[in-house]
Amino acid sequence: MASLRDIKNRITSTKKTSQITKAMEMVSASKLSRAESNAKAFVPYMAKVEEVVASIAVGAKDATHPMLVSRPVKKTAYLVITSDRGLAGAYNSNVIRAAYNAIQSRHTSKDEYVVMTVGRVGRDFFAKKEVNIIDSILGLPDQPIFADIKEITSKAVAMYADEAFDELYMYYNHFVSAISQEVTEKKVLPLTDVASVSSKVSSYEFDPSAEAILEVLLPQYAESLIYGALLDGKASEHAARMTAMRSATDNAKELIDSLSLSYNRARQAAITQEITEIVGGVAALE
Amino acid sequence: MKTVKVSIVTPDGPVYESDVEMVSTKAQSGDLGVLPGHIPMVAPLEIGAVRLKKEGHTDYVAVTGGFLEVRPEQVTILAQAAEPADQIDIERAKEAKHRAEDKLKQDNMDFKRAELALRRAINRIEVYQHDR
C-alpha cells in the first residue's frame with residue numbers, strides 16, 4: 001500500500017491539474033461563443049454571394065468559366081483543417097483519420113494527390129507520412145479574420161486555375177452543437193453544384209458581361225467556401241476542447257475522491273496500528 | 001427625397017447599413033452612380049471609394065475586391081475588405097504604402113502584388129482624407 005505522503009502528493013498534484021483543466025474549459029467556452037458569433041457574421045456574406053452566383057449560373061446559361069467545368073482528374077488536392085494545439089479530445093484525430101482513409105482508398109500512388117493543411121497537428125501528421133504538402137498555415141488566431149487566410153485560399157484557387165490540380169476537397173469538423181462535431185468532406189472545386197443552390201432568382205443586367213463577373217465572383221465564392229469551413233472548424237475546435245477539458249476536470253474530481261478515501265483509510269490504519277502497539281506494550285509490562 | 005437601402009457586407013460581417021439618396025462608386029467598366037429604382041444589375045468594383053450621399057452629407061467607405069448588386073429597393077456591396085472612413089487606421093495604411101513603394105523599387109517578381117497593396121493603401125488614405 002502506498003504511504004500516506006505518496007497519496008497526499010498525488011492528491012495535491014491532481015488538484016492542481018484539475019484547476020488548470022477547469023480554467024482551460026472556461027477559456028474555451030468564452031472563445032466558443034466568440035467563434036459562433038464570427039460564424040454568424042459570415043452568413044449574410046456567403047448567402048449573398050451564393051445568390052448572385054446562382055442567378056448568373058441560371059440566368060446566363062451560355063456564360064462559362066473553367067471553375068464550373070469538371071475536367072479529367074490527374075491530381076487531387078486535399079485541404080485538411082486541424083488545430084495548432086492538442087488537448088481537444090478527438091478533434092484532430094477524427095478529421096485526420098477521415099482524410100487519410102479517403103486518400104488511401106482513392107489513390108494508389110503519391111503522385112496523384114497533394115495536401116494543404118491548416119494547423120500544426122495536421123502538418124506534422126502528413127509530414128510524417130511523407131505526403132506532398134504544398135501549403136500549410138500555422139498560428140492561425142482563435143478568431144480568424146478573412147485577411148488571415150486570404151493567402152491560402154487565393155493560392156488554392158490560383159493553383160486550380162493553373163491546373164496544378166483538378167479537384168479540391170476539404171476536410172473539417174462541422175459544428176453541430178457544443179457537444180457534437182461532425183467530420184465533413186466537401187468538394188470545393190470544381191464548383192459543380194452551384195446551380196442547385198438557387199431558391200429565389202432575380203434576373204440581372206451584367207456590367208460589363210456575365211463572363212467578366214464570373215471571373216471576379218467565382219474565385220471569391222470558392223474562397224468564401226474555404227473561409228466558412230475554417231470558421232466552422234474553429235468553432236468546433238473550441239467546443240471540442242471545452243468538452244475534453246470538462247471531462248478531464250470531472251475525471252480529476254473522481255480521482256481525488258477515491259484518493260482521499262484511500263488516504264483516510266491509510267491514516268486510520270496507521271492510528272489503529274499505533275494503538276494496538278501501545279496496548280500490546282502496556283500488556284507486556286503487566 | 002427617395003432613398004435606397006444600402007448594405008456593405010464583408011466575410012467578417014456587415015460594415016455599413018443605411019438608407020441613402022445616391023450611391024456612387026467605381027466599377028471595372030467606369031464610374032457608376034446608382035439612384036433609387038435602378039434596374040437589377042451586377043458589376044465588379046475596382047479598389048476604390050464608395051460614396052454614399054444622404055441628407056446633405058456624404059459617407060465614404062474604402063472597398064477592396066468587391067462587387068455591386070443592385071435591385072430597385074436595395075443595393076448590396078460584397079467586398080473582401082471594407083472600412084468606413086472613420087474606422088480606417090491611417091498609420092497602418094501609411095505604413096503599408098511605404099512598404100509597397102519599397103517593394104516596387106526593388107526588382108522582384110511580385111510586382112503585381114505590391115502594386116495591388118499600394119493601391120489599397122492609397123485608397124484607404126484618400127478615403128480617410130475625404131472624411132476630414
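Chain A of this predicted model contains 5 helices and 6 strands. Read from the N terminus, the elements of this chain follow the order α-β-α-β-α-β-α-β-β-β-α, so that, by the numbering of runs from the N terminus, the closing element of the series is helix α5, which comprises residues 210–285.

The overall dimensions of chain A depart from those expected of a globule. Its radius of gyration is 28 Å, whereas a compact globule of 286 residues would have a value near 19 Å. In keeping with this description, the C-alpha trace of chain A spans about 115 × 40 × 25 Å along its principal axes. Of the 286 residues in the chain, 42% count as buried, and among the contacts with a separation of 6 or more, 77% are accounted for by residues 24 or more positions apart.

The surface and the charges of chain A were also examined. About 14600 Å² is exposed by the chain, and carbon and sulfur atoms supply 55% of this area. The chain carries 33 positive and 35 negative charges, and the mean positions of these two groups lie 7 Å apart.

Within helix α5 of chain A, one position that can be described in detail is T249(A). This residue has a relative accessibility of 5% and therefore counts as buried, since the cut-off for that class is under 20%. When residues up to four places away in sequence are left aside, T249(A) touches S18(A), T21(A), K22(A) and E25(A).

Chain A also meets chain B, with 26 residues of chain A in contact with 26 residues of chain B. The extent of an interface is often expressed as the accessible area that is lost when the parts come together. For chain A and chain B the area buried between them is about 2100 Å², and carbon and sulfur atoms give 64% of it. Of the area that chain A buries against chain B, 27% is supplied by Y45(A), K48(A) and D207(A), which is more than any other three residues provide.

In chain B, helix α1 covers residues 90–105 and includes K94(B). The relative accessibility of K94(B) is 38%, and this residue therefore counts as partly exposed, because the value falls between the limit of 20% for buried residues and that of 50% for exposed ones. K94(B) and E126(B) stand 32 residues apart along the chain, and their C-alpha atoms are separated by 11 Å.

Methods:
Residues are numbered from 1 along each chain as its sequence is written. Chains are lettered from A and ligands numbered from 1 in the order in which they are written. This is a predicted model: local features need pLDDT of at least 70, side-chain atom pairs count only at pLDDT 80 or more; totals for chains, interfaces and linings use all residues. Side-chain values use heavy atoms; hydrogens and water are left out. Helices (H or I, at least four residues) and strands (E, at least two) are DSSP runs, numbered from the N terminus. The radius of gyration is taken over C-alpha atoms; the globule rule is 2.2 Å times the number of residues to the power 0.38. Buried means under 20% relative accessible area, exposed over 50%, partly exposed in between (1.4 Å probe, protein chains only). Contact means heavy atoms within 4.5 Å. Accessible areas come from the Shrake-Rupley method with a 1.4 Å probe; for residues, only the protein chains shown count as cover. Lys and Arg count as positive and Asp and Glu as negative; His and the chain ends are not counted. The place of a charge is taken as NZ of Lys, CZ of Arg, CG of Asp or CD of Glu. Buried area is the accessible area (1.4 Å probe) that two parts lose on being put together, summed over both.
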